[in-house]
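User: Hi! I'd like to walk through this model with you, a few elements at a time. Could you take my questions as they come?

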Amino acid sequence: MRTVFFVEDSAEDRALYRRFLERDDRYTYDIYEFESGNKALQACQAKIPDVILLDYRLPDLDGLEFLTKLQRQTSNSQISVIMLTGQGDETIAVQAIKSGVQDYLVKGKLTSDNLRRAVHGAIEQIQLMRQLKQQQEQQKLVGAIALNIRQSLRLQDILATSVQEVRQLLGADRVMLYQFTPQMRGSIVAESVLSQWTPILGLEIEDTCFQENQGEEYRQGKIWAATNIYEAGLSDCHIQLLEQFQVKANLVVPILLESKGTQAVELWGLFIAHQCSAPRQWHTFEVELLKQLTVQLAIAIQQAELYHNLQTLNTELEAKVQERTAKLHQSDRRFRAIFNNTFQFIGLLTPSGILLEANQTALSFAGLKLEDAIDRPFWETHWWTISPQTQAELKQAIARAAQGEFIRYEVDVLGANNRVATIDFSLRPLLDETGQVILLIPEGRDITELKQAKEKLQQSEALLATTQQIAHIGSWEFNLVTKKRCWSMETFRIFGLNPIESEPTQAEFLQMLHPEDRTQFQTNFEQAIAQETPFSIEFRIVRPDDSVRYLEGKAEIAYNAQGQAVKVLGAILDITERKQNELEIIRSRDLLEAVYNESADALFLVDVETLLTIDCNDRAVKLFAASNKAELINIAGHTLQKQQFTPDELDSITEEINQQGFWSLEIEYITKQGKSFWGNIAAKQITVAGNVMNLVRVTDITVRKRVEEDRKRAEIALRESEERLQLALEASGDGLWDWNILTKEVYYSPRYLEMLGYTFDELPQDFSTWERLVHPEDLPWVEKILADHLKDSSVPYKFDYRLQSKWGEYKWIANYGKVVIRDGQGKPLRMTGTHRDISEQQAALREHKQAEAALAKSEEQLRLTLEFNHIGLWDWNVQTNEVTWNDNHYRLLGLEPEISAASYQLWRDRLHPEDVDRIEQAVSNALAQHINFQGEYRVIFPDGRVHWLTGKGRGVYNEAGDPVRMLGVIIDISEQKQAEAALQ
């Protein structure tokens, strides 16, 4: 039963909604009607509906206001809202969807189908959300119980907590744990039950019926879920047992323990949920929850048993130790003399990790006394409290060593005064004569100084590598004997090579030198070696990616003990940026001269104190229509403006130039001839021959200003057009895509992604996203159509194909797109299009084709049946007298289908003259009385033979009751008639 609220002030509309939903064959509904929004909100406080059908226009508030109040009031509840309006306003639809509305329907277009479809979608969404919440609560419970198991060894506490939490989560009347004895008897060891039902905690049950029938099945992992115990096929004795506990429905999951070292499985007990108030349908997630919890409980039970066994073992060991204390006393003194004076840390552990002994070296390191450390879990002693991770790692190591494995690793331990030492730590298992681990020997060798030395070396090497990388300095070595090179990592990077590869050979190295520098480098290098003198040169290299870098190389000769030159040690510095800066300075100098003398902009030099012009270029004279430079020298530049600066504005401009070094503004100017134009003025302080002055540039931007105004108007029009397009797409349900072909960036509209189950920021906005989503079977031919359209826009890019949704299923999409921008050579630059979800249409098409195939098959089967049984089929249009026969009908009249044309008169001509009136009267009576026609008559074949037929027919009538058609069959009964005559 689904709860639905109608929030609608129109009684007629509410009646229509109710009528539509009462015809729904999928769900039944508990419907509540409200004429105002506030009454509905008040009702939501007492009862949370599954779906709300909300009219946008209500007497007291509109639909959006209702949504805001509902969300604030029911923040923790899931309610699907379907908004209905008679306006069909797209803006309202967009706002409603953004406000969380599940669907938006227009009353004028409302049908029974689209209303039920919208309600079904809303209910299914709620079901998914609630199921997700239930699964989250289930995982939270499993995690909490698992944590409880790890934190506690008290089995009874774990069992009690488990049944309590599970009953609350499932909403069951009783949840309990039933433990078996070896004789398959048992008792209730944990129970959580509501107060109105009889508690049975501690009750011992001897279920002979269970022993005989279901014990072995549960041992095999069977799970029993009974919606109604009286309909579950249980034996009478089993039902009687359940009736004692008031059970109507139950869910039973076995708790199985794996026997250590064997494949055998022990049935420890059962995890049982009872519903006592009424029958109950158990859901899959509830069964799965109990399955997961039985695994966790099995771990807890085995953990408790293991703990009990360890305690027993400790007791036995202590007894044995006491018995042998006297014999070992003298040996112990000799052992301690060696044990306590060794330089290594040594101890003794039980297989469970309890520290039994520690030598004096280990105790002194930690500042401990023996009694402070022994008889405690080894990982809780002072040495291992350096971090929880270190303690957890030790626990795991002890567990492995207890299985007979030798463990060794490096670890940091804590000493006195928070001293930290790195030790080479090992755990050696000590076995008895049966091969069982009885003790563990922990041993640690202090390697702190060795580790520190290694770390310092590594840090030094890393610092050298980092320094070289930062400074772009590489080091190299050339062996004069073996002719082999040894490069640092930065040298590889400077040459654009991968450091993991080997150094280049001499020939490969020379090939990397710039062709114009190769000979000079080789000559200088060979000369330095021959003369045993230092080597210094600037040269260029060509990297594998064809980029050119400038390098400065320096090297010196290294000699052996005999004074012979054996190596060349050198360094290279990447000076590309310096070289580029030098070239840039030269270019800048030349450029400045060209800019000032040949600039397309007007340039002025202005005195920083008087703000009068000192000089200007020729472009300034032309731009301001002056007769010569003299007209523009020794004037205040702002006097050329249409609106001159005030003194305060001039002070502000001067201050900005002094603080920021630059100032710019777009200004309207007046030429010496009185014409106006727009200019961009920029001022910057420069120093010329030691004198500080302002360089002022004025650029004519009149054309640009006009273009900007035109562009702004175009942008406004384009933005309005795009908004209208977006609203139209949202209203139609289509998704939009826009592909920048050069960058491979693709804009996917929210609706495009929504129809595939994604949010806007969930997928990358690029071309690869589309390629990944296309069905593998569709991708080749879709890419072919795309390639053809990119070459020629006349090739249509319109087709239906499949895209993968977020949930893994494929949806049918109707796609239309077009290249909208090409460059001057016809190369496509941008393509845009729409997507529409046609999955429902495709499903309907498949169903139609299946129906057509089924109809064709049915008709073929009917034809074969009629031919096999020699049945003639006829269809007579009473009003037009037209007749249709199957092939058998022709043959039963002695005619050939290919020769004769079917007609009423042809049939009448074949009838025996003595039978014509009788049969025609029988047909007429049947049509007049609305009854079926049946009669036997004779027909005369063209060769004179007489055959007996039986005819049957049924009339078809119009709304006025007049006959319009008659359908029937004829069957040859000649043999039957002959047999009857023979009997007479």
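User: Which residue in strand 23 is the bridge partner of L605?

Analyst: Happy to help, and please keep in mind that this is a predicted model. Strand 22 and strand 23 (residues 613–616) pair in the antiparallel sense, over 3 bridges. Within strand 23, the bridge partner of L605 is D615.

User: Which residue takes a positive phi in the hairpin of strand 22 and strand 23?

Analyst: There are 5 residues between the two strands of this hairpin. With a positive phi near 60°, the one you are looking for is L611.

User: Which residue of strand 26 stands opposite V606?

Analyst: Strand 22 (residues 602–607) is mostly covered, with 5 of its 6 residues buried. Besides strand 23, strand 22 pairs with strand 26 (residues 691–700), in the antiparallel sense and over 6 bridges. In strand 26, the residue opposite V606 is N694.

User: Let's move to helix 28. What end-to-end distance do its C-alpha atoms show, and what should its 14 residues span?

Analyst: Helix 28 covers residues 916–929, and at 1.5 Å a residue the expected span is 20 Å. The C-alpha atoms at its ends agree with that, being apart by 20 Å.

User: How are the buried residues of helix 28 placed around its axis, and what arc do they cover?

Analyst: The buried residues here are V916, I919, V923, A926 and L927. They lie on the same side of helix 28, because the arc they cover around the axis is only 110°.

User: Which exposed residues sit on the face turned away from that buried side?

Analyst: The buried residues of helix 28 pack against several elements, including helix 27 (904–910), strand 34 (933–940) and strand 35 (946–957). The face turned away from the buried side carries exposed residues instead: D917, A928 and Q929.

User: Which residues have the most contacts inside the largest nonpolar core?

Analyst: This core has 28 residues. Among the elements that each supply at least two of them are helix 13 (388–401), strand 15 (420–431) and strand 16 (437–446). One core residue, W383, touches L355, A362, F378 and V413 among others. The residues with the most contacts inside the core are F378, W383, W384 and F425.

User: How many residues does the second, separate core have?

Analyst: Its members include V166, W268, V287 and A300. The size of this second core is 27 residues.

User: Which strands stand at the edges of the open sheet with the order 18-17-21-20-19?

Analyst: The sheet consists of 5 strands with antiparallel pairing. Two of them have a single partner strand each, so one side of each is left without a neighbour in the sheet. The edge strands are strand 18 (485–487) and strand 19 (535–542).

User: What angle does the direction of helix 17 make with that of strand 19?

Analyst: Helix 17 (residues 518–531) packs on the sheet, touching strand 17 (473–479), strand 19, strand 20 and strand 21. Its direction and that of strand 19 make an angle of about 150°.

User: Is N418 buried or exposed, and what is its relative accessible area?

Analyst: N418 is found in the loop between strand 14 and strand 15. Although it is not a glycine, N418 has a positive phi of about 60°. N418 is exposed, with a relative accessible area of 62%.

Terms used. Residues numbered from 1 in each chain as written. Predicted model: local features only at pLDDT ≥ 70, side-chain atom pairs only at ≥ 80, totals over all residues. Heavy atoms only, no water. Helix = DSSP H or I, 4+ residues; strand = E, 2+ residues; numbered from the N terminus. Expected span 1.5 Å × (residues − 1). Buried < 20%, exposed > 50% of the residue type's maximum accessible area, 1.4 Å probe, protein only. Arc of directions from axis to C-beta. Contact = heavy atoms within 4.5 Å. Core = buried A, V, L, I, M, F, W, Y, C linked by side-chain atoms within 4.5 Å. Pairing = 2+ DSSP bridges. Axes fitted to C-alpha atoms, helices over the stretch in contact; angles between N-to-C directions. Lists of a residue's contacts leave out its neighbours within four places in sequence.
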